[in-house]
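Let's take a friendly walk through a protein model together. Keep the picture beside you as you read.

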Amino acid sequence: MSEEKRVGIVLVSHSAAVAASVAELARGLAGAGAFVPVAPAGGTEDGGLGTSAELISAAAASVDRGAGVAVLTDLGSAVLTVKALLAEGDELPADTRLVDAPFVEGAVAAVVTASTGADLTAVAAAASEAYTYRKE
């Protein structure tokens, strides 16, 4: 799969700093030279805590390369915002998928998997599989 057809990743957090930091971490762990379109969508337009449909839509459009967009969220209302955008039908690129995954570990798994040229189903599966990572 060419760079133009990579799966895009959107990281939605209630905090702009958290979304940007997780995006930076995931890109860094994907390795030098790996290209994956990743965009944070954190906080509100005025810089506060919360979620913004407008920021999420803009982030998804910015990473859409024609192979689908995986959206990972941090907390409940971020999930609801993404679900509302998906229900609208025209607010997000075609083949946008809300991925049920832990935010940090799932983001890293999604970006690393997308960097291999994997399709949206594989990227979503890798992110979701991060729920099984044990820290004990």
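## An exposed residue and its charged company

Asp-90 has a relative accessibility of 59%, so it counts as exposed. Keep in mind as you look that this is a predicted model. You can find Asp-90 in the loop that lies between helix 3 (76-88) and strand 4 (96-98).

Which residues join Asp-90 in a patch of negative charge? The patch is on the surface, and Glu-45, Asp-46, Glu-54, Glu-88 and Glu-91 gather there with Asp-90.

## Another stop in that loop

The loop between helix 3 and strand 4 is also where Asp-95 is found. Its relative accessibility is 55%, and because exposed means over 50%, Asp-95 counts as exposed.

The backbone of Asp-95 deserves a look too: its phi is near 65°, which is a positive value in a residue other than glycine.

## Strand 1, hidden from view

Now turn to strand 1, which covers residues 8-13. Is strand 1 largely enclosed or open? Of its 6 residues, 6 are buried, so the rest of the structure largely encloses this strand.

Here is a helpful rule: in a regular strand, side chains alternate between the two faces of the sheet. In strand 1, Gly-8, Val-10 and Val-12 point one way, while Ile-9, Leu-11 and Ser-13 point the other way. Residues of both sets are buried.

## The partners of strand 1

How many bridges join strand 1 to strand 2? There are 5 of them, and the two strands run parallel. Strand 2 covers residues 38-42. Two pairs are easy to look up: Val-10 has Ala-39 as its bridge partner in strand 2, and Leu-11 has Pro-40. Strand 2 is itself largely enclosed by the rest of the structure, because 4 of its 5 residues are buried.

Strand 1 is also joined to strand 3 (residues 69-73), again by 5 bridges and in a parallel arrangement. One pair to look for is Ile-9 with its bridge partner Ala-70 in strand 3.

## A nonpolar patch on the surface

Back on the surface, which residues make a nonpolar patch? Leu-25, Leu-29 and Val-104 do, and the patch has an area of about 240 Å².

Leu-25 has its place in helix 1, which covers residues 16-30. With a relative accessibility of 39%, Leu-25 falls between the limits of 20% and 50%, so it counts as partly exposed.

Technical notes
Residues are numbered from 1 along each chain as its sequence is written. This is a predicted model: local features need pLDDT of at least 70, side-chain atom pairs count only at pLDDT 80 or more; totals for chains, interfaces and linings use all residues. Side-chain values use heavy atoms; hydrogens and water are left out. Patches are made of residues with over 30% relative accessible area and no salt bridge: like charges are joined within 9 Å, nonpolar side chains (Val, Leu, Ile, Met, Phe, Trp, Tyr) within 5 Å. Accessible areas come from the Shrake-Rupley method with a 1.4 Å probe; for residues, only the protein chains shown count as cover. A salt bridge is a side-chain nitrogen of Lys or Arg within 4 Å of a carboxyl oxygen of Asp or Glu. Lys and Arg count as positive and Asp and Glu as negative; His and the chain ends are not counted. The place of a charge is taken as NZ of Lys, CZ of Arg, CG of Asp or CD of Glu. Buried means under 20% relative accessible area, exposed over 50%, partly exposed in between (1.4 Å probe, protein chains only). Two strands pair if DSSP finds at least two bridges between them.
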